[in-house]
Amino acid sequence: MKREKLQALYRQLNQKVQEVPVKGSRPLIIADKIAGFIHPGAILALQDKEYCKQDEQAVYLAESSMPKPILNDILLDVALSLRAAGLTRAWRDELLNVYAEGTAIGQIERAAMRPLGLLTQAIHLNGWTPDGDIYLQLRASTKAFDPNMWDTLVGGLLNAEDSVTEGLNRESEEEAGLSPSDMKLRTPIRSILRMRRRLPEGYQLEDILVSDCIIPPGTQLKNQDGEVERIECFTPKEVVQMIEDRVITIEAAIVLLDSLINPHVNNLRQST
């Protein structure tokens with residue numbers, strides 16, 4: 001497929017992930033810093049909490065002088081309150097950083113991120129064969145989000161304990177059985193865009209990070225966490241057709257198109 005057509009498809013998908021929050025949402029201010037866009041249902045669930053204030057412009061949680069441990073206690077109560085109100089999906093007992101104006105100010109349960117419209121970071125690995133084909137994973141039918149959809153070989157959210165590289169290594173081992181030694185031939189991790197999507201449970205504000213990797217011949221790719229149905233290999237032409245057929249998640253489609261359009265993998269091959 002010509003590069004111009006790939007670019008047009010990329011622009012089309014990019015437009016679909018640049019949405020404003022649902023009507024009734026308001027900016028969320030945590031410790032006097034802009035942190036997200038809180039869903040109207042979450043506003044109702046928290047409105048009687050002592051730590052929650054609001055006006056016509058925004059919703060405010062906690063004070064700027066509050067010590068981080070106390071702020072984290074409040075964020076835990078926020079998450080539990082949202083859960084009790086039936087506003088969270090797929091509770092994971094996994095903490096993610098809460099970012100406000102570019103700084104990590106606290107931590108909260110992963111399932112609370114979307115109702116509060118907080119920023120997350122997703123890390124992806126595009127896995128390539130030496131011959132130029134692409135590995136994809138089929139998401140398990142039990143996944144809370146996008147079940148039975150094709151995805152990049154590796155993809156997941158960074159948690160509060162991860163550096164970017166640590167998160168990529170962790171997700172690669174869990175989802176494809178890859179060790180760092182299997183990923184010696186890969187590009188530096190890059191940020192490609194920020195997604196802004198309305199979801200049933202809230203608002204997805206997410207930075208997309210990606211690396212491309214040429215998987216060594218003979219590497220056994222095997223899921224370890226039970227969240228992947230299977231891993232298969234496709235030609236770039238087949239991948240583009242799958243994107244057009246909408247059987248690949250929109251996030252993965254954007255990540256794959258970025259790799260297909262740009263010379264990252266060719267540069268990687270030439271460096272060896």
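**Exercise 1. Salt bridges along the chain**

State how many salt bridges this predicted model contains, and find where the pair Glu19 and Arg198 sits.

Solution. Step 1: the count for the model is 16 salt bridges. Step 2: Glu19 and Arg198 form a salt bridge through their side chains, with an N to O distance of 3.9 Å. The cut-off is 4 Å, so a distance of 3.9 Å qualifies. Step 3: place both partners. Glu19 lies in the loop between helix H1 (3-16) and strand E1 (26-30), and Arg198 belongs to strand E11 (residues 190-199). The two are 179 residues apart, and the pair thus links distant parts of the chain.

**Exercise 2. The two domains**

Give the bounds of each domain and describe the interface of domain 1 and domain 2.

Solution. Step 1: domain 1 is made of 3-18 + 120-270, and domain 2 covers 26-116. Step 2: their C-alpha centres are 29 Å apart. Step 3: contact involves 18 residues of domain 1 and 16 residues of domain 2. Step 4: about 1500 Å² is buried between the domains, with 53% of it on carbon and sulfur atoms. On the side of domain 1, the residues that lose the most area to domain 2 are Ala160, Glu201 and Tyr203, which together account for 34% of what that side buries.

**Exercise 3. Polar and charged links between the domains**

Count the salt bridges and polar contacts between domain 1 and domain 2, then say which elements and residue classes make up the side of domain 1.

Solution. Step 1: three salt bridges are counted between the domains. Step 2: Glu227 pairs with Arg92 in a salt bridge whose closest N and O atoms are 3.9 Å apart. Step 3: seven residue pairs are in polar contact across the interface. Step 4: strand E7 (119-128) and strand E12 (202-214) each give two or more residues to the side of domain 1 that touches domain 2. The largest share, five residues, is that of E12. Step 5: by class, this side has nine nonpolar, five polar and four charged residues.

**Exercise 4. An aromatic pair**

Classify the ring pair Phe37 and Tyr203 as stacked, tilted or edge-to-face.

Solution. Step 1: the model has two aromatic pairs. Step 2: the ring centres of Phe37 and Tyr203 are 5.8 Å apart, and the planes stand at 85 degrees. Step 3: an angle over 60 degrees counts as edge-to-face, so this pair is edge-to-face. Step 4: Phe37 is in strand E2 (residues 33-38) and Tyr203 in strand E12, 166 residues apart, and the pair links distant parts of the chain.

How values were computed. Residues are numbered from 1 along each chain as its sequence is written. This is a predicted model: local features need pLDDT of at least 70, side-chain atom pairs count only at pLDDT 80 or more; totals for chains, interfaces and linings use all residues. Side-chain values use heavy atoms; hydrogens and water are left out. Domain bounds come from an automatic or database domain assignment. Contact means heavy atoms within 4.5 Å. Buried area is the accessible area (1.4 Å probe) that two parts lose on being put together, summed over both. A polar contact is a pair of N or O atoms within 3.5 Å; within protein, one must be able to donate a hydrogen and the other to accept it, and residues adjacent in sequence count only if both atoms are side-chain atoms. Helices (H or I, at least four residues) and strands (E, at least two) are DSSP runs, numbered from the N terminus. Ala, Val, Leu, Ile, Met, Phe, Trp, Tyr, Cys and Pro count as nonpolar, Asp, Glu, Lys and Arg as charged, and the others, Gly among them, as polar. Rings of Phe, Tyr and Trp (its six-membered ring) pair if their centres lie within 6.5 Å; planes under 30 degrees apart count as stacked, over 60 as edge-to-face and the rest as tilted.
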